[in-house]
Amino acid sequence: MRKWLGWMLLATAPAFAQDFGRLEMIVPGGPGSGQDQAARAFEEALRAEKLITGAQIIHYAGGGGMIAVSQFLTSKAGNGNAVVTQGAGHLSFPLSNKTPVSLNDVVPLARLAGEYELLVVRANSEFKTIDDLIAKYKANPSSITWGAGSTGSTDHIFYALISKAAGIDPKKLNYIPHANTGDIVAAVLGGHVQVGAGGFQDFAPQIQAGRMRVLAVGSPERLKGIDAPTLRERGLDVVYTNWRAVSAHPSLTVAQLDRLSALFEKMAKSKTWQKMLVDKGWTDLYLDRKGYAEFMKSEQQRVGAILEELGMRAK
Amino acid sequence: MDTLAALAQGFAVALTPAHLLWAAIGVTLGTAVGMLPGIGPSTTVALLLPATFGLDPASAFIMFGGIYYGAQYGGSTAAILLNTPGEAGAMMTAIDGNAMARAGRAGPALATAAIGSFIAGTVATLGLTFLAPWLAEVALLLGPSEYATLMVLALTTVSALFGASVARGLLSLFLGLLLGTVGLDPQLGQPRFAFGVMELLDGIDTVIVAVALFAVGETMHVAARFRFAVETMHAMSGSLWMSAADWARSWKPWLRGTAIGFPIGALPAGGSEVPTVLSYVTEKRLSKHPQEFGKGAIEGVAGPEAANNASAAGALAPLLALGLPTSATAAMMLAGFQQFGIRPGPLLFDSKPEFVWGLIASLYIGNVMLLILNLPLIGIWVHVLRIPRPWLFGGILCFSVLGAYTLNTNTVDVAILLLIGLAGFGMRMMNVPVVPCLLGLILGPMLELQIRKAMMISLGDPAVFVTRPVSLLFLLLALAFLAAPVLFRYRRRRP
């Protein structure tokens with residue numbers, strides 16, 4: 001039965017591409033940003049699978065991604081071929097800054113991919129294991145400098161969750177913000193900060209060259225190819241990913257939403273996409289419309305609570 | 001000698017006809033996009049990246065290298081001819097370059113920029129060839145406290161650009177510092193002076209302010225003042241080519257600019273702004289005729305142009321040696337590396353030597369191509385200035401607005417451009433220099449971020465700025481810079 005269905009899908013695939021036509025993707029980030037790279041990956045997979053004839057990617061950088069959301073809301077009403085992409089940072093930004101729009105204003109379609117956050121130190125760091133780090137942090141919280149992206153970023157939230165799990169007030173984090181990944185890597189390698197956080201891809205070349213060490217990963221199970229324990233294993237109940245997802249316009253009909261979510265479901269389950277995930281070092285985090293909506297709700301609560309503890313929750 | 005053998009191998013890769021063709025396409029494209037404000041090399045590389053998927057990685061990166069270097073040349077052309085610096089590194093060039101152009105010396109200005117860029121690019125690429133891994137390691141040792149004091153040094157030197165009135169200069173500088181505080185607080189993440197406008201959360205883009213103050217302000221000024229004046233041709237008087245005196249005044253700034261630009265460009269937070277500013281004020285301080293600066297001193301074009309190109313080459317050192325992107329374009333190239341399954345990092349020189357050395361060799365070739373491309377073009381470019389003034393300035397305004405819009409595709413940027421342009425017009429009418437304002441905007445946020453980082457890392461102990469040797473060195477240099485004119489005056493007075 002399943003095989004048969006597969007054949008049917010295959011037969012209808014080219015027709016689907018004609019059927020769907022062009023996809024429009026509004027991207028909250030400039031050309032070359034993480035969001036842009038994700039959107040280009042979606043386009044590549046969708047085209048290779050002949051699900052669309054092509055895609056137009058429109059960039060709106062800035063405002064914590066909310067400029068893109070507001071442009072999407074004003075210009076794409078009723079457009080069943082348009083989506084806006086988003087990630088973990090766009091969920092948290094409106095919680096720590098008062099913005100006129102948030103992800104609650106768009107309709108979740110699918111969560112697609114992501115990278116688990118991990119902790120790194122430079123090779124000659126005094127911290128050999130995550131336990132060393134936490135022990136020192138507990139003894140003297142301000143003595144550890146935690147370097148990562150901007151304030152309120154996914155890295156910051158990751159640190160706050162770890163701090164809380166270790167039983168220390170997240171406000172005690174001596175958090176050193178950086179403008180971009182290159183700066184973070186340089187600061188960790190140069191010993192200007194003691195700990196770094198981010199996705200594996202950010203640090204992979206340094207780890208392979210033996211210049212950095214992964215202390216722990218924020219995934220539910222150990223990750224293939226990374227020689228480090230999970231935080232859970234070490235008694236810190238923290239799982240955190242920098243995920244990528246797509247949403248649709250709230251004005252769409254149920255039929256239009258079904259059509260869009262079917263498109264991304266087909267993509268997520270395709271061979272092309274699964275191979276791309278491996279090539280890019282991303283984890284498959286597919287959740288359908290319902291799953292993603294539920295995840296959004298619970299994640300907003302979790303992140304909102306931790307921002308509250310950091311004293312960063314917008315009133 | 002390993003390096004030389006590897007480089008020879010690299011030339012063998014880069015000198016194939018197909019790769020030469022890609023280099024030529026790259027430098028031409030780069031020159032073109034460098035001229036347009038708003039479309040920088042990083043955007044171009046980003047847009048071209050998907051199109052290069054079918055190519056072999058060497059071809060793609062030889063082209064990207066060409067775009068990267070070419071954009072520096074194009075940026076200076078626009079700055080000199082149209083007073084619209086297309087990217088941050090070309091801002092200092094616009095000051096004296098455009099003054100030269102308006103005095104009928106566009107030819108020598110463009111020539112000293114092109115030749116200076118060539119020399120700086122080549123010398124810095126040599127530096128990249130032999131020093132990249134070492135330089136990248138040294139750069140890692142510098143942290144926030146060093147960056148903070150480097151910004152202090154750069155800010156001190158801004159005083160050299162105040163012109164006749166210190167009060168007006170300070171007014172301009174503080175206006176820039178004020179504009180620099182707009183956006184999210186870097187440490188606390190809370191908005192400052194954003195007034196609920198989302199587009200202001202990321203701060204005000206320096207390129208927009210540069211174009212507003214230089215091009216838009218100037219356009220309004222010309223429109224207001226010369227409405228009834230008879231149109232004067234300022235296209236060309238004198239030679240198209242550099243005179244012997246021009247050469248004599250250019251060669252030292254080229255070399256000094258290179259020496260300043262390359263190491264600072266290699267710093268992870270170096271950028272192109274600080275070296276070009278430092279080069280400009282160094283030339284002004286060392287010049288025998290500092291009064292000419294701002295009115296068309298060729299040193300003011302030669303030095304910053306060389307510094308700009310050298311810093312662009314310097315920025316490739318941490319990218320190739322460690323996989324650290326230190327500029328927007330370098331970040332794009334990193335994304336490009338990943339597209340081809342190449343992971344730049346400490347192992348790149350060992351794992352993909354033919355690729356790295358091919359890229360470095362093509363940078364040498366690209367530089368030669370750019371010189372060959374740009375020198376004959378000077379004869380054509382100067383004709384731009386023959387365009388009747390209303391049309392020319394109309395065109396400049398049009399380009400400026402277009403550029404401001406395409407930068408982030410938002411109209412708020414256009415409004416900022418026009419508002420600050422209006423301020424620039426007012427500053428011109430009241431003889432307030434515009435350059436200190438721009439530098440305040442650029443240096444202020446960097447200084448704030450680095451000081452706060454340094455203080456957080458030291459747990460609030462300000463002694464880091466004097467106990468770390470490089471920090472102390474920068475502070476002493478800043479002090480020397482402030483004290484030197486006073487001391488000289490004192491010595492001169494004594495018989």
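**A walk through the strands of chain A and its contact with chain B**

Let us begin with a single pair of residues: L119(A) stands opposite A216(A), a residue of strand 9 of chain A. Please keep in mind as we go that this is a predicted model.

That pair belongs to a longer run of pairing, since strand 5 of chain A and strand 9 (residues 212-217) of chain A are joined by five bridges and run antiparallel. Strand 5 of chain A is also joined to strand 8 (residues 195-198) of chain A, here by three bridges and again in the antiparallel sense. One place to look for this second pairing is L118(A), whose bridge partner in strand 8 of chain A is G198(A). As a reminder, strands of a sheet pair through backbone hydrogen bonds, either parallel or antiparallel.

How many of the residues of strand 5 (residues 118-122) of chain A are buried? Five of its five residues are, so the strand is mostly covered by the criterion of 20 or more other C-beta atoms within 10 Å. In a regular strand the side chains alternate between the two faces of the sheet. It is worth taking the two faces of strand 5 of chain A in turn: L118(A), V120(A) and R122(A) lie on one side, L119(A) and V121(A) lie on the other, and both faces are covered.

Now turn to another part of chain A, where six strands form an open sheet in the order 2-1-3-10-4-11, with mixed pairing. Its edges are strand 2 (54-59) and strand 11 (283-287) of chain A, each of which pairs on one side only. From one strand to the next, the twist averages 20 degrees.

Within this sheet, strand 4 (residues 107-116) and strand 10 (residues 241-248) of chain A pair in the antiparallel sense over eight bridges. You can find this pairing at Y116(A), which stands opposite T241(A) in strand 10 of chain A. Helix 9 (residues 254-268) of chain A packs on the sheet, touching strand 3 (82-87), strand 4, strand 10 and strand 11 of chain A. The direction of helix 9 of chain A makes about 20 degrees with that of strand 4 of chain A.

Finally, let us step out to the partner chain. Here 39 residues of chain B are in contact with 40 residues of chain A. On the chain B side, helix 3 (41-48), helix 6 (106-141), helix 14 (328-339) and helix 19 (435-457) each supply at least two residues. The largest share, four residues, comes from helix 3 of chain B. By character, the residues of chain B that touch chain A divide into 24 nonpolar, eleven polar and four charged.

Technical notes. Residues are numbered from 1 along each chain as its sequence is written. Chains are lettered from A and ligands numbered from 1 in the order in which they are written. This is a predicted model: local features need pLDDT of at least 70, side-chain atom pairs count only at pLDDT 80 or more; totals for chains, interfaces and linings use all residues. A residue is buried if 20 or more other C-beta atoms lie within 10 Å of its own, exposed if 12 or fewer, and partly exposed in between; C-beta atoms are placed from the backbone. Two strands pair if DSSP finds at least two bridges between them. Two residues are in contact if their C-beta atoms, placed from the backbone, lie within 7 Å. Ala, Val, Leu, Ile, Met, Phe, Trp, Tyr, Cys and Pro count as nonpolar, Asp, Glu, Lys and Arg as charged, and the others, Gly among them, as polar. Axes are lines fitted to C-alpha atoms, for helices over the stretch in contact, and angles run from 0 to 180 degrees between N-to-C directions.
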